[in-house]
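Colleague: Before any further work, I should like to go through the salt bridges, a pocket and a barrel with you. Could you take the points in turn?

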Amino acid sequence: MKLYFVSLGCDKNLVDSEKMLALLAAKKIEITDKPESADIIIVNTCGFIQDAKEESIETILELAEYKTDKCQALIVSGCLAQRYASEIQKEIPEVDAVVGTAAYDQIYDVVVNVLDGRKECRLQNLDYLPRNLTARLPAVSSYTSYIKIAEGCSKRCTYCIIPYLRGNYRSVPMDEILQEAKILADSGTKELIVVAQETTVYGLDIYGEKKLPELLRQLCRVEGIEWIRLLYCYPEEITEELLDVMRQEPKICHYLDLPIQHCNDEVLARMGRKTTKRDLVKKIAQIREMIPDIALRTTLISGFPGETEEQHRECVDFVADTKFDRLGVFPYSPEEGTPAAEYEDLTDNALKCLWADEIMETEQNVIFRQNEEMIGRSFRVIVDGFLPDEGVYTGRTYRDTPEIDGCVFFSAPYEIVSGTFVNVLVTDANGYDLVGEIKEDAE
């Protein structure tokens with residue numbers, strides 16, 4: 001049997017996809033990149049915001065057309081399946097099974113049942129955490145891998161649907177994470193990106209205290225891993241102990257993703273966030289004092305219900321003053337079932353997008369100036385690939401997460417394999433990206 005697999009949405013969903021692929025490959029199911037030759041098609045969907053839902057539905061409908069040919073099983077998994085299981089089965093009869101976010105470890109059983117002619121709706125209780133799934137079949141380059149250290153979230157931000165799709169926060173036991181990291185390292189992973197809906201409270205639910213610093217120290221001992229990168233760190237949960245580990249362990253990139261969402265106290269309170277503008281300013285100052293070369297990334301929401309022009313301007317000024325190294329902004333998307341979806345004083349869609357553009361223009365000026373200041377500096381760069389038309393390699397510094405941040409374009413007098421670390425001298429800046437040349441032989 002041949003399987004065609006599509007993974008949509010976030011990096012956490014990608015980890016689930018790679019674990020499902022490993023489970024199916026272990027049963028001798030062959031993976032194909034051609035949907036027309038597949039006996040089984042699986043779409044691991046995203047349902048976080050409206051655009052993601054639309055992409056998931058469009059992908060399902062597109063692949064449903066193959067049910068008239070060779071394909072015997074069309075299976076939909078992930079967040080959209082969890083949220084709209086009955087609607088998907090009713091509105092898209094070509095779908096043979098839906099698999100919820102906590103049931104992906106049962107994917108082979110679902111495949112067997114569907115091939116036997118039985119429709120499936122597999123929705124596991126959201127308190128359940130799939131265990132001992134340390135094997136992975138990378139869907140992307142194996143030298144960079146995401147490792148998910150927890151599932152779900154207990155924060156209950158008023159705009160966020162995640163707790164309703166993935167349940168409360170459930171930490172993966174440390175021994176399983178370390179075993180998975182070793183398997184990834186043995187398969188060629190050099191850059192390990194630590195993710196969860198929130199990484200900073202890892203271990204609190206099962207160990208009674210935050211264990212992220214200890215986990216990071218243990219991950220640094222995994223042979224073969226050269227970079228460890230942290231995403232999704234809520235600012236109010238970042239401790240001095242965590243920062244100490246980051247500056248003491250050379251493998252940990254001086255990079256932090258802090259999804260603050262806004263800076264105005266009234267907006268933050270309506271969002272259900274557990275921080276204030278004063279807290280944010282103090283925390284960012286502490287981080288930069290302890291780790292001067294830290295690269296800080298954040299995410300903001302524009303046009304939250306009730307947000308005023310004055311509050312928006314405060315956010316723009318905050319971005320200009322704080323000078324985040326990386327930033328993303330999303331116009332507010334009301335999600336049914338969340339408290340914020342019932343809020344009044346909705347912001348006009350055009351105005352939300354205009355405000356988002358203003359924030360990004362402010363951040364763009366910050367990044368462009370920062371990149372100009374990088375000229376003449378040397379960085380250790382991980383090579384991501386070669387662009388034959390331009391005759392240059394592309395890579396990333398410690399300041400850049402794959403696919404969401406900038407990159408470095410550089411020339412080299414010899415062939416370099418992706419995943420190799422090289423030293424690059426920055427010679428120019430090109431918007432969000434840097435341009436450079438090899439400074440010395442690859443490490």
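The exchange below concerns a predicted model.

Colleague: How many residues apart in sequence are the parts tied together by Glu-180 and Lys-19?

Modeller: The closest N and O atoms of Glu-180 and Lys-19 are 3.2 Å apart, and a salt bridge requires a distance within 4 Å. Glu-180 belongs to helix α7 and Lys-19 to helix α1, so the pair ties together parts whose separation in sequence is 161 residues.

Colleague: Is Lys-119, which forms a salt bridge with Asp-96, buried or exposed?

Modeller: The N to O distance in this salt bridge is 3.6 Å. Asp-96 has a relative accessible area of 10% and is buried. For Lys-119 the relative accessible area is 51%, and the term for values over 50% is exposed. Lys-119 is therefore exposed.

Colleague: Which helix supplies the largest share of the lining of the second largest pocket?

Modeller: The second largest pocket holds about 230 Å³ of space. At least two lining residues come from each of α2, β14 and α14. The largest share, 3 residues, is that of α14.

Colleague: Which residue in β19 stands opposite Leu-425?

Modeller: Strands β15-β16-β17-β19-β18 close, in that order, into a barrel with mixed pairing. The twist from one strand to the next averages 50 degrees. Within the barrel, β18 (residues 421-430) pairs with β19 (residues 433-438) in the antiparallel sense over 6 bridges. The residue opposite Leu-425 is Glu-437.

Technical notes:
Residues are numbered from 1 along each chain as its sequence is written. This is a predicted model: local features need pLDDT of at least 70, side-chain atom pairs count only at pLDDT 80 or more; totals for chains, interfaces and linings use all residues. Side-chain values use heavy atoms; hydrogens and water are left out. On a 1 Å grid over the protein atoms alone, a cavity is a set of points where a 1.4 Å probe fits but cannot get out, and a pocket is an open set with protein on both sides within 12 Å along at least five of seven lines; lining residues have an atom within 4 Å of a point. Grid points are joined across faces, edges and corners, and a volume is the space filled by probe spheres set on the points. Helices (H or I, at least four residues) and strands (E, at least two) are DSSP runs, numbered from the N terminus. Two strands pair if DSSP finds at least two bridges between them. Axes are lines fitted to C-alpha atoms, for helices over the stretch in contact, and angles run from 0 to 180 degrees between N-to-C directions. A salt bridge is a side-chain nitrogen of Lys or Arg within 4 Å of a carboxyl oxygen of Asp or Glu. Buried means under 20% relative accessible area, exposed over 50%, partly exposed in between (1.4 Å probe, protein chains only).
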